[in-house]
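The exercises below are meant to be worked with the sequence and the coordinates open side by side. Each one sets a task and then goes through a solution step by step.

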Amino acid sequence: MAEFTMTTDADGVATITWDTPGKSMNVMSMEGFGELDALIDQALADDAIKGVILTSGKPGSFAGGMDLNIIASMKDSAGDDPARGLFDGIMNTHGILRKIERAGMDPKTLKGGKPIVAALPGTALGIGFEIPLACHRIIAADNPKAKIGLPEIMVGIFPGMGGTMRLSRKLGAMAAAPFLLEGKLSDPAKARAAGLIDDVVAPEDLLARAKAWVLTATDADLVKPWDAKGYKMPGGAPYHPAGYMTFVGASAMVNGKTQGVYPAAKALLSAVYEGAMVPFDTALKIEARWFTNVLMNPSSGAMIRSLFINKEALEKGANRPEVPDQTVRKLGVMGAGMMGAGIALVAAQNGIEVVLIDQTQDAADTGRAHVESYLDKGIARKKITADKKAEILGRITATTDYDALTGADLIVEAVFEDVAVKAEVTKNVLRVVGDDCIFATNTSTLPITELARASDRPDQFIGIHFFSPVEKMMLVEIIKGRETGDRAVAKALDFVRQIRKTPIVVNDARFFYANRCIIPYLNEGMRMVAEGVAPALVENAARMVGMPLGPLQLVDETSIDLGVKIARATKAAMGDAYDDAVDPILFWMAEQDRLGRKAKAGFYAYDDTGKRQGLWDGLAGKFPPAADQPDLIEVQHRLLFAQVLEAVRALEDGVLTDIREGDVGAILGWGFAPWSGGPFGWLDMLGADYAAARCDALAAVHGTRFACPALLREMAEAGQSFYGRFGTGADAQAA
Ligand code: NAD
């Protein structure tokens, strides 16, 4: 079925309409490129056609991007030379877009081309904005919900279909940087103000205004600045003194931000720099080379897989049991503390009626006031209106009265982390809610199966574990207790979909999944310091391998006293099996009252306003760095293997049933080196064979916590990869 169609009106203006069958938003496919190419040829060849409007048949959007299968099919198109296939495929699309841009004009006089205007009904992302950038004018409908931009960098690639070259030439490297290097998206009004598009018009006038422009455009209107004689890059090209400074600064900034582990940002900057020094057609070739380079890097494939394909699959309910719709209508939140208030906020923001209950009216009101102050900040930043704030706050009833819970179909409990307190709250709630209400706990450490004992309907009892701060963290870990039923899982998943977060579903075990993996990371960091590894080496090694925070900084953020509490509870639960290597440093820090950032004193020093300064020099008095320091790689491997081996064990134990959840959860939950695509993505990059050998080497020196898990050993022997063996999310035990 055709994705692009063309009609021509009595005035000789052709309209090419993009309408991908069966999709709510247009997505570029291999076939789509071919159809667009053929229609452009036809329009340019037909003397009766004066110009072209390129638009979309979808209301409110032009296009959402490219079908990523295009990359796979380009790679396959040149036999055993995927780089050649990619390069040729990219050059082919450059050819199509360049044809639009030149529109049949004489290459010398730059006269005689046909005007081609992009008329965007709304959202235009990725290739959906790169195509308009090749047109002679971009007009968008005034649709404040629309998003325009080039988000490719967010999934580990860069705009490689001409977007990088066109935008950097159009705006200059400095002005284009936020859109290219950070993937910043804008609504139409902001896009026009930034110079991304030319005009914003009332939606009903879009096509008429586009047509009027086509009929009045002159030859000069069609010539892109970079094709005109004497073109100079805004802000200066690299050999210009101002441009030189831009690139020096940008290079330092990119390396500082990415620590050199994200190949796409560096490749993008190289393409802009090298491209700026040559004519445009050569620049496109340079862009294609760098894009090929990035697409051939395993990191880009791993990031696309986890942050795009699998994240979306999980959000769409890849692991949802087949149970009728469980959309939440009325939510009860028990406990209006830090977590409860955050949960009430995100639910109310997404249209759910919330009853927020605490022990006293004061405490409940404090929770609601937290929501209010968050919304006030949104108003100050012009993110929401006063009306919207009133609407959201109006959905939250703060009270101590359990009767207000009548009619609630989901309860999320976020009271103190205490079995007895939670049990009492559970019993009191179940007395007032209906028989089919699902009860969820936000506990971070207590076993769900044990907490479910307080309920006479354990099949309707589940864990919904949010991360702090709730309004920012995108992951929600859903935990099934031994008796949790399918409807409870579906309810939790539907709730997470309503509040637009990403769910993973795991089985009940100590610390569930995310905390189980992050605690060994924190412990390994502290343990190294206790052994005499320089704290700066530990922190920098972590950041240089792509962890957003070093382990010591993360301990400061989560607080030393929480660490002490968890260490005590773990010791009580594990008895002799407890590994006490971090106790000396952890308990000593607590004794010094260096409880972390909240105390303005921890592994780092802080100023009076709580701003982090350098590492605390007092630490060296108690734990002096040894004369011999380990290699960077050794430190990095200790920090990463501590996490990924726990992820493998979680898979072996059946806590994780889907490696996609393990990878997506790790990146969104605790920021596990996103460039790697997650713990399983990283192990696949290393190869099971090498990973198993590294485990053996680390275990020989540092102890059994690095012992190679049986599953990894088996895979090393069989020459398997995690995504080869479990890629579709098959159960570890079943495979
Ligand atoms: P908090 O101390 O900020 O809030 C707890 C609230 O519960 C308080 O307002 C308290 O008055 C209220 N409360 C206590 N007993 C109650 C009762 N019987 N009835 C009604 N309200 C009662 O704690 P928090 O950080 O919001 O944590 C709440 C829960 O969320 C805990 O189970 C915790 O383990 C879990 N959790 C916390 C984090 C985090 O980072 N803080 C992250 C994930 C999960």
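K211 is partly exposed, since its relative accessible area is 22% and the partly exposed class runs between under 20% for buried and over 50% for exposed. The model used here is a predicted one.

**Exercise 1.** Find the acidic partner of K211 in a salt bridge, and work out which parts of the chain the pair ties together.

*Solution.* Begin with the contact itself: K211 forms a salt bridge with D9, and the closest N and O atoms are 2.8 Å apart. Next, place both residues: K211 belongs to helix α8 (residues 206-216), while D9 sits in the loop between β1 (4-8) and β2 (13-18), so the pair ties together parts that are 202 residues apart in sequence. Finally, check the partner's surroundings, where D9 counts as partly exposed at 29% relative accessibility.

**Exercise 2.** Decide for each of E531 and R638, which meet in a salt bridge, whether the residue is buried or partly exposed.

*Solution.* The N to O distance in this salt bridge is 2.9 Å. E531 lies in helix α20 and R638 in helix α26 (residues 632-652), so the two ends of the bridge are 107 residues apart in sequence. E531 has 44% relative accessibility and therefore counts as partly exposed, whereas R638, at 3%, counts as buried.

**Exercise 3.** Two residues other than glycine, L110 and F512, have a positive phi; locate each of them and state its burial.

*Solution.* For L110, phi is about 60°, and the residue is found in the loop between α3 (82-102) and β7 (116-120). With a relative accessible area of 15%, L110 is buried, because buried means under 20%. For F512, phi is near 55°, and its place is the loop between β20 (502-507) and α20 (514-531). F512 is buried too, with a relative accessible area of 0%.

**Exercise 4.** Which residues gather in a patch of positive charge on the surface, and where does K383 lie?

*Solution.* The patch consists of K147, K377, R381, K383 and K472. K383 lies in the loop between α15 (361-380) and α16 (386-394), and its relative accessible area of 64% makes it exposed.

**Exercise 5.** Identify the residue joined to P469 by a cis peptide bond, and place P469 in the chain.

*Solution.* The bond joins S468 and P469, with omega about -5°. P469 itself lies in the loop between β18 (461-466) and β19 (475-480).

Notes
Residues numbered from 1 in each chain as written. Predicted model: local features only at pLDDT ≥ 70, side-chain atom pairs only at ≥ 80, totals over all residues. Heavy atoms only, no water. Patch = residues over 30% accessible without salt bridge, like charges linked within 9 Å, V, L, I, M, F, W, Y side chains within 5 Å. Areas by Shrake-Rupley, 256 points an atom, 1.4 Å probe, with all protein chains shown as cover. Salt bridge = Lys/Arg side-chain N within 4 Å of Asp/Glu carboxyl O. Lys, Arg positive; Asp, Glu negative; His and termini not counted. Charge placed at Lys NZ, Arg CZ, Asp CG, Glu CD. Helix = DSSP H or I, 4+ residues; strand = E, 2+ residues; numbered from the N terminus. Buried < 20%, exposed > 50% of the residue type's maximum accessible area, 1.4 Å probe, protein only.
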